[in-house]
Amino acid sequence: MIKQYGMLVDRKRCIGCEACTIACKTENGTPIGVNWHRVLTIGGKHKDTPAGTYPNLSMSWLPVPCMHCQNPPCERVCPTAAITRRADGIVLIDKGKCIGCQYCVWACPYEVPQYNAQAGVVEKCTLCAQRVDQGQQPFCVEVCVWGARIFGDLNDPNSEVSKAIVRKHGEVLMLEQGTKPVVYYSPP
Amino acid sequence: MKLTRREFIKTTAVLSGAVGIGLGIDGKVLKALAESAAPVAQGGEKTVLTCCPGTGCHQSCVFRTYVREGRIVKVEGADYPGEPELKHACLRGLASAWLPYMPDRLKYPMKRVGERGEGKFERISWDEALDTIATKLKDIKARYGSQAVSISAGGSTAVPGGSTSGSGGLGSRFANLFEAGSPPGGTGMDLVERIANVYIYYYDPKTRETGAYAGHDYRDVLNSRLIVIWGDNLGEARLRDFIYVLEAKDKGTRVIDISPFFNSSTAAKADQFIPIRPATDGAFALSAMDVIIKAGLYDADYVKKYSNGPFLVRSDNKKLLRESDIVAGGKPENYVVWDSVTNAPKAVAPKVQEIAGVDPALLGTYSPKGIACKPAFQLLADRAAEYAPETATKVCEVPAETIRSFALEYAKAKPACIRHSHGTSRTYHGNLSHRAIITLAVICGNIGVPGGGVSYRGGYTYEGTTREKFTRGITTATATRTKRVATREYEEPYATKAMLWFTKNPLGGDRGFRRKMEKAWPHIELLVVHDLYMTFTAKYADIVLPGTFIYERSDISTANDFVAFSEKAIEPMYECKSDVWVWTELAKRMGFGEHFTKTEEEWIEYQLDQTNPYIKGITLERLKKEGGIIRANVPKEWFVEWLDKKFKTVSGRLEFYSEALTEWGEELPLHKEPMESPLTSPLAKKYPLIFYTMRIKNFVQTMGFDPLMRELEPEPRLYMNPADAEKRGIKDGDWVIVFNDLARLKVKVRFFEGIRPGTLNLPHGWHVDDFPEGHYQDLLYADFKETPWPENPVHRLIGFATEIVYDQLVEVKKA
């Protein structure tokens, strides 16, 4: 059966430490200023600040890799067909074909694609395809020993990730956009 | 997750704004880094086992380091044989792959050519550097004696738990052979907790034991029915330990966080956040005890057996009643309890925890031989009653109802653990707060039980290597040359003329130290700094030596129940040389080179002392053959402190009543205001705000300033409650001046609802160059000599020279 890779972010276990962000940078060598992975704070105005008034406060985090949508808007708008969705569901940008027009940056509701001014192309999270192809997990999943990330095949109902999505009530971001993301989030 | 595109963009806009702007003060660090090529992992790398270069978090993780074409591309947690769950690397560890390639890395030896501190240097050869140092050391020794030279080796290049180069390593060996003066004692951040521990667990004037200080294994929280994180930013400072808190929480264990700050993940993940006024934890703990005692929820059997609660205390002099006080020929070392069975006094010998048929009273008033007495527990109950919730709430600002519910929950959830850190103790009277917290655990029977305890570091690290071998195990006649005297060297009469500082950045972080050194500099003839980067301290050196990263040399680590061989991953960058090499070369020039003839690996073998039962059988050869990491000969069970209940006090019991402290009225815990109190000090009119500095996830002390961390957190921010800011006309992001009578500091404000109004917090670790004016250390007293306060006799009594001066107030104004 064809695989559809996906991920559950267990927001109860996410402590906003950004080990994933750092891991992404060291695995993929993205330059300073280009981040394929970000961690957003659901709280106050600034990063790592809570919502509310002292002492009635709350804060949680939202790690944002590429959603590897099953209906990717970035793919649709790319004038050079540089963006493709692999059979296993990983959405990739072919840097050789990319002309840096940044239509995809505009089209993505999750603000995932990042323009690398030095290279003149748009880049984004590849779900660590180079690792996945060797049977490994994406590096952000590998380093999250806090247990906030579960990766696997969504087409297999018995995979750890599929079961966890059901058990932990995983939901996707911006369902109404019709993008069909494969990254699920459980409530904090 | 309900989040519309509009809301999402709002959130991200803030984030990308934070990343895009403010790259350091003038962006120079990140600009330089952006120009350096980033390493990319592409497969085909060789991997080696290494230890984490960080030391200050005391977690000592072991890494798998990926190297391609002589360059580190990434690191990840290494697999521990048989214990896969120990695999761990936090964001700081993961980012350390970039550290050796920092642009401000020291590249070659240099000598100072400008004014001291000006930062003007000229490249010299290693030979010139070492010869200059040796000649100068001999000259100073001839003119002032060897004690005029102070050697301080250790810090971030050392692997915790054992190292060839750490503070107990070759630097000490060199210092002993040179008969150098000792550096002044550390500033002792954890000494105040230890003082409290000594009085309760160890106090014996004869043995003067100060005890190990760690607490339960960090995984033991899984045995707890309630986890109380008290004044500890566990979720940022000890990220590995926090995994187990999350695990316990997933299983239904409640987590309570007590703090004046809504500290990032610690507070966010807690089921309940209890806000408290800084330095009033003792009042809160006493109030909880009042509730527990009045509700009869204390563990009476435990208190009778394991604490000095049943011992009768004389009302006339507050001393413990002795058998000799009431029986002719009675032993003066024996205590007296009131036996409820016979309704008569009964003598109890030291170290005896139970007498068959005797049921000692905990409450009441008794008059054996006409001497008015109360059991120590009754006195504790009386003391706690002074802190009834309605009274205590005025002191600690925790609502009375919250105090009550916390007390009942803690008493009922057995076992319950308390994880704490410096947050409860960094003040002059912090030991009282900490004694109150331990006493709360004592009366609920939570000491020495799995899942209980009052733990600080969390995790039992055995002493695998025999550090003394480096300093005392020398077999030649020079072995006895260890006349090191701790000198107050940077003060009158300025006895110290030369310093050798290896991986030490006191000018960049130690409170008040810059100010203190201003007076000492004219008397200093030589400062040698061996470090990885051009630190603020290195700028003041006469000779700067480039050191090696853990990745550039081999070393050994004995922590987390494992022995790990940290293999050299890459060749040293530039002309960087290890501590081992430098000490060896200097020793040759000083004429005691015969004590430094081993190679790096031979020193490692030397450390793996085969007479030490913990590591017997673990040799370097075996380590190399078996993947570099082997479990030490330590028990599999998670360490539980005081499991045998054999407390090392004179009575053999938990001494929450401390007879030795009656003179200062501190025989029982109580609340005392900080030396500069916003409530009671006249100074508070001028300086109304409490100033704290906390640790954040990005740094450990002044270590870990790699480009990746800079990207996440580009510049220092002063956390300020908007209510305090508005009163002063300060807006979010404004530059402000923080000041007191000692100094001023310029920094940007970050509005933070998570901080108690009246309190400021400036995370520590930021370098002097990160501030356009001043540094947080300048706002703090260097030591007691600088303060108008007397040294705390309760600290002195057990021989700790603490320098706890976090009692300070400040004011803020718009810059």
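Here is a short conversation between a visitor and a guide about a predicted model with chains A and B.

Visitor: How many helices and strands are there in chain B?
Guide: Chain B has 815 residues, of which 55% are buried. Among its contacts with a separation of 6 or more, 73% join residues 24 or more positions apart. As for the elements you asked about, the count for chain B is 24 helices and 27 strands.

Visitor: Which element gives the largest share of the side of chain B that touches chain A?
Guide: On this side, 56 residues of chain B are in contact with 47 residues of chain A. The elements of chain B that give two or more residues include α1 (5-20), α2 (28-35), β3 (71-77) and α22 (707-712). With 9 residues, the largest share comes from α1(B).

Visitor: And how many nonpolar residues does that side of chain B have?
Guide: Sorted by class, the side of chain B that touches chain A has 11 polar and 10 charged residues. Its nonpolar residues number 35.

Visitor: Is helix α1 of chain A largely enclosed by the rest of the structure or exposed, and what covers it?
Guide: Helix α1 of chain A spans residues 19-28, and 10 of its 10 residues are buried, so it is largely enclosed by the rest of the structure. Among the buried ones are A:A19, A:C24 and A:K25. The cover includes β2 (38-42), β5 (60-64) and α5 (139-143) of chain A, together with, from chain B, β3, α3 and α22.

Visitor: Which residue just after α1(A) takes a positive phi?
Guide: The helix covers residues 19-28 of chain A. Just after it, a positive phi of about 60° is found at A:G29.

Visitor: Which element gives the largest share of the largest nonpolar core?
Guide: This core has 269 residues, and those with the most contacts inside it include A:M7 and A:A19 as well as B:A288 and B:I292. In general, nonpolar side chains tend to be buried together in soluble globular proteins. The largest share of the core, 9 residues, comes from α10(B).

Visitor: Is α10(B) roughly parallel or roughly antiparallel to α16(B)?
Guide: Helix α16 of chain B covers residues 430-443, and its axis lies 7 Å from that of α10(B), at an angle of about 25°. The contact includes B:A285, B:A288 and B:I292 of α10(B) and B:A436, B:L440 and B:I443 of α16(B). Angles under 35 degrees count as roughly parallel, which makes α10(B) and α16(B) roughly parallel.

Visitor: At what angle does α10(B) pack against helix α13 of chain B?
Guide: The two helices, residues 281-294 and residues 376-385, have their axes 8 Å apart. Their contact is made by B:L286, B:M289, B:D290 and B:I293 of α10(B) and B:A381, B:R383, B:A384 and B:A385 of α13(B). By class, this contact has 6 nonpolar, no polar and 2 charged residues. The angle is about 115°.

Visitor: Why does B:F739 count as partly exposed rather than buried?
Guide: B:F739 lies in strand β24, residues 735-739 of chain B. Leaving aside neighbours within four places in sequence, B:F739 is in contact with B:R744, B:V810 and B:E811. A residue is buried if 20 or more other C-beta atoms lie within 10 Å of its own. B:F739 counts as partly exposed because its C-beta neighbours inside 10 Å number 18.

Definitions and conventions
Residues numbered from 1 in each chain as written. Chains lettered and ligands numbered in written order. Predicted model: local features only at pLDDT ≥ 70, side-chain atom pairs only at ≥ 80, totals over all residues. Contact = placed C-beta atoms within 7 Å. Helix = DSSP H or I, 4+ residues; strand = E, 2+ residues; numbered from the N terminus. Nonpolar A, V, L, I, M, F, W, Y, C, P; charged D, E, K, R; others polar. Buried ≥ 20, exposed ≤ 12 C-beta atoms within 10 Å, placed from the backbone. Axes fitted to C-alpha atoms, helices over the stretch in contact; angles between N-to-C directions. Core = buried A, V, L, I, M, F, W, Y, C linked by C-beta atoms within 7 Å. Parallel < 35°, antiparallel > 145°, perpendicular 65-115°, else oblique.
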